[in-house]
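Thanks for coming. I'd like to walk through one structure today, and I'll keep to what can be read from it.

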Number of protein chains: 4
Amino acid sequence: MTQGTAEDAGPVSPLPERLLRAATHLFAENGYENTSVQEIVTAAGVTKGAMYHYFAAKDDLLYEIYHRLLALQAERLERLAGGTGTPEERLRAAAVDVIGTSCEHLDELTVFFRSMHLLPKDKRKAVRAERRRYHERFRSLVEEGQRSGAFRPDVPADLAVNFFFGGVHQLSTWWHPDGPMGPREVGEYYVGLFLNGLCPLEA
Amino acid sequence: MTQGTAEDAGPVSPLPERLLRAATHLFAENGYENTSVQEIVTAAGVTKGAMYHYFAAKDDLLYEIYHRLLALQAERLERLAGGTGTPEERLRAAAVDVIGTSCEHLDELTVFFRSMHLLPKDKRKAVRAERRRYHERFRSLVEEGQRSGAFRPDVPADLAVNFFFGGVHQLSTWWHPDGPMGPREVGEYYVGLFLNGLCPLEA
Amino acid sequence: MTQGTAEDAGPVSPLPERLLRAATHLFAENGYENTSVQEIVTAAGVTKGAMYHYFAAKDDLLYEIYHRLLALQAERLERLAGGTGTPEERLRAAAVDVIGTSCEHLDELTVFFRSMHLLPKDKRKAVRAERRRYHERFRSLVEEGQRSGAFRPDVPADLAVNFFFGGVHQLSTWWHPDGPMGPREVGEYYVGLFLNGLCPLEA
Amino acid sequence: MTQGTAEDAGPVSPLPERLLRAATHLFAENGYENTSVQEIVTAAGVTKGAMYHYFAAKDDLLYEIYHRLLALQAERLERLAGGTGTPEERLRAAAVDVIGTSCEHLDELTVFFRSMHLLPKDKRKAVRAERRRYHERFRSLVEEGQRSGAFRPDVPADLAVNFFFGGVHQLSTWWHPDGPMGPREVGEYYVGLFLNGLCPLEA
DNA sequence: GATGAATGAGTTTTCATTCAT
DNA sequence: GATGAATGAAAACTCATTCAT
């Protein structure tokens, strides 16, 4: 009777997911502060009450967007960083991978870096903690490589990681999914720059 | 007529400056949309009428913040990029310098990347154009170095510049003026990473 | 069928009672308008559907709280006022008794005087009518005493009853069940004041 | 040019006063919770923004209503209680007077006793403190009379004062300004009841 | 009987901006 | 030049009630 096919699937997609998708898109497009709850629920095809049934506040949507992306990336980093291979191989794989997921979730990434500061204190703290854990796992990979002699020991690992993620976060200002470069390509270039710099190796 | 004589201050009243300083600080602290005009004028010690005498709208403050930082950095880039020395020397100098001014104007930088999207379309376009000119001057320096053989030619210059500025914009998330590292030190590290990467030169 | 046998509970399910108890407590604590239906059903350990099965609307709870207290007090007044003894004895007994039941049902009393005006017109009218009947029965007792010469005839009986019940309704602003005075003691004092005033009898 | 007469009186009455008057009337009529800010400002002939220019929140109106009535009554009590005459004379005068001002400010009184519990904690505390001071001044008058032998010493003064003010607060449930009894008359009756009780003096 | 997702009309509050003085 | 009272449009959020299951 509804638009579902044969199964008893109910609505096409659960409401919370639909709301998050709509919110992510609108936040990325117009900014969190310029997006009203009304616009979100209209985009999701429901009313405000429905949204507040699932999310206690507008900033819960924001938090959830961050949290999901972070959880996804943290899980993948864990797997790749804890895999086999030299530290350099693992760092390279992890770095290319995070660029891949960042490109796939460009809207989330945009929202993340523009609007994290708009979260209420407690949620901001939670996100920061999740972020820090992620950062530290990445940093430990750099340090491993420094101890093994694969990386220069004279650059603080913390600083190097911050530098690299700056580039990652910047992605959304210039990269577009339908542009000439694919995520994989961007990843290889970025990681190349990160690990080898601009100067020719034999110079 | 006012208390300024003939010195560098010029004949302009210091009021617009005071307003911009207050706005910059509050925008960086609480976000543009969470800062009311009332808070700004209170912080600057004036009234709303006075502010609207100098700025047509709240977003004029935002625009002006961007514009001034960009103008400053563009002017310095012009000077350094057009100076003497090899392309690598000039790029290095320009890169260290932009990190220096970014550290000196950390609030402006923060506001820039958090709130640019909140500008009305026309002002946003203007800022983007200024930004693009800046980016292009920087990129041309990279290209010069690629042509001269100082830099690897296999990395798109655009991408490299974006990568580097990602790191620069990220600065405000981890660097603090009273932390252990000075702007100069950060600059050297960043530029080192950018130009030489993480891997030892003889590997 | 349920767990109640043949005892005083009767065949009625305890659910409406549980809801009313929870509502009474919450209304007294936070006010009618500051208490949501959700809070009531949560406190009663049921769901909204269950509540709406027994009560057509939130204000039915309010009405029922009033109605039950009034019915209880009216029944007791009837018994005492229609008993034996002089009018003075019967008024004294009735007055002490109403203070007793008021102290026992302090939450209901609180709700009554704070929130009666929030009832929709028709229910408010019903409560007022019940209240008036109660008042009139009490007043007739005073008038009886005035006719018998036990009470001063120069005070309008209506006014005297209103004066007395003012004191009763005020109870919830200062009396607490675990304070130093018991309901009986308060009753004796109040009735003493009402019937004899503050001035010494031989003055 | 406006509707003022000859003087430069400006608007007929200052806006805050107009708002308070409108709010008092509506709160008394329909209850605080059933009165929207919109209704208040409409009644006062302005817009919401204007109201929030003078009152930080809806409950500020509530607080102000209480506070003004209490200040008025406290000042009058102070004058009468500290005057000349026997304690009985002064208590009588003060009691009649408070009934007078209560009748004159019946709406405020109604609002007071229905809605004090709706104030936020801090304002509620402030009102309670003001109220307690008032109560204590009144009580001290009763105690003075008890020490002088004019009043029965066997009734706790606190309780007597509570009893009396119960009657006062009850006023708004039965007295109307255009009814047969004037404030003075009510006052005399109430005070008569309070001081002499219902029973004939020679009984 | 009972559930709880969803509604929709309502609430208080905020704030950039204007304009009479 | 400067003030600050007032506007008006919009915001986030609440909640009693309904209804398909």
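**Contacts to the two DNA strands**

I'll begin with a single contact: a base oxygen of DNA strand E lies 3.0 Å from a polar side-chain atom of B:Lys48. Before going further, please keep in mind that this is a predicted model.

Staying with strand E, the next contacts go to phosphate. An N or O atom in the side chain of A:Thr47 is 2.8 Å from a phosphate oxygen of DNA strand E. For D:Val37 the backbone is used: one of its N or O atoms lies 3.0 Å from a phosphate oxygen of DNA strand E.

Which residues are closest to DNA strand E? There are 28 residues around DNA strand E, and the closest are A:Gly49, A:His53, A:Tyr54, C:Thr47 and D:Tyr52. Of the atoms of DNA strand E that come within 4 Å of the protein, 71% are accounted for by sugar and phosphate.

As for where this surface comes from, helix 3 of chain A, helix 3 of chain B, helix 3 of chain C and helix 3 of chain D each supply at least two of its residues. Helix 3 of chain A has the largest share of the surface near DNA strand E, with 5 residues. By residue class, the surface near DNA strand E has 12 nonpolar, 11 polar and 5 charged residues.

Now the other strand. DNA strand F has 28 residues around it, of which A:Lys48, B:Thr47, D:Gly49, D:His53 and D:Tyr54 come nearest. Sugar or phosphate makes up 71% of the atoms of DNA strand F within 4 Å of the protein, and bases make up the rest.

What does A:Lys48 reach on DNA strand F? A polar side-chain atom of A:Lys48 is 2.7 Å from a base nitrogen of that strand. Two backbone contacts go to phosphate. A:Lys58 has a backbone N or O atom 2.9 Å from a phosphate oxygen of DNA strand F, and a polar backbone atom of C:Val37 lies 2.7 Å from a phosphate oxygen of DNA strand F.

On this strand too, helix 3 (48–54) of chains A, B, C and D is involved, each supplying at least two residues of the surface near DNA strand F. Here helix 3 of chain D gives the most, with 5 residues. The surface near DNA strand F divides into 12 nonpolar, 11 polar and 5 charged residues.

**Annotation on chain A**

UniProt, in an unreviewed entry, places the feature "domain: HTH tetR-type" at residues 13–73 of chain A. In the model, residues 13–73 of chain A are 77% helix and 0% strand, with the end C-alpha atoms 23 Å apart. The UniProt annotation "DNA-binding region", also from an unreviewed entry, covers residues 36–55 of chain A. That span is 75% helix and 0% strand, and its end C-alpha atoms lie 14 Å apart.

**How the chains are arranged**

Take chains A and B. Chain B superposes on chain A by a rotation of 180° with 0.2 Å of shift along the axis, at an RMSD of 0.3 Å. The two copies are therefore related as by a two-fold rotation axis. Since 100% of the interface residues of chain B are also interface residues in chain A, the copies meet through the same surface.

Next, chains C and D. A rotation of 180° with 0.2 Å of shift along its axis places chain D on chain C, with an RMSD of 0.2 Å. The same surface serves both copies, as 100% of the contact residues of chain D recur in chain C.

Which pairs have no contact? No contact joins chain B and chain C, and their closest C-alpha atoms are 29 Å apart. Chain B and chain D also have no contact, with their closest C-alpha atoms 13 Å apart.

**Two residues to finish**

A:Val155 is in the loop between helix 7 (121–148) and helix 8 (157–174) of chain A. Is A:Val155 buried or exposed? Its relative accessibility is 3%, so A:Val155 counts as buried. Leaving out residues up to four places away in sequence, A:Val155 touches A:Gln146, A:Ala160, B:Tyr189 and B:Leu193. From A:Val155 to A:Glu39 it is 116 residues in sequence and 47 Å in space, C-alpha to C-alpha.

The other residue is C:Thr24, in helix 1 (residues 15–30) of chain C. C:Thr24 has 6% relative accessibility and so counts as buried. With the same exclusion of residues up to four places away in sequence, C:Thr24 touches C:Ile65, C:Asp107, C:Glu108 and C:Val111.

Definitions and conventions:
Residues numbered from 1 in each chain as written. Chains lettered and ligands numbered in written order. Predicted model: local features only at pLDDT ≥ 70, side-chain atom pairs only at ≥ 80, totals over all residues. Heavy atoms only, no water. Near = heavy atom within 4 Å. Polar contact = N/O pair within 3.5 Å; in protein donor to acceptor, adjacent residues only side chain to side chain. Helix = DSSP H or I, 4+ residues; strand = E, 2+ residues; numbered from the N terminus. Nonpolar A, V, L, I, M, F, W, Y, C, P; charged D, E, K, R; others polar. Contact = heavy atoms within 4.5 Å. Least-squares fit on C-alpha atoms with pLDDT ≥ 70 in both. UniProt positions renumbered as here; feature names shortened; annotations may be inferred. Buried < 20%, exposed > 50% of the residue type's maximum accessible area, 1.4 Å probe, protein only.
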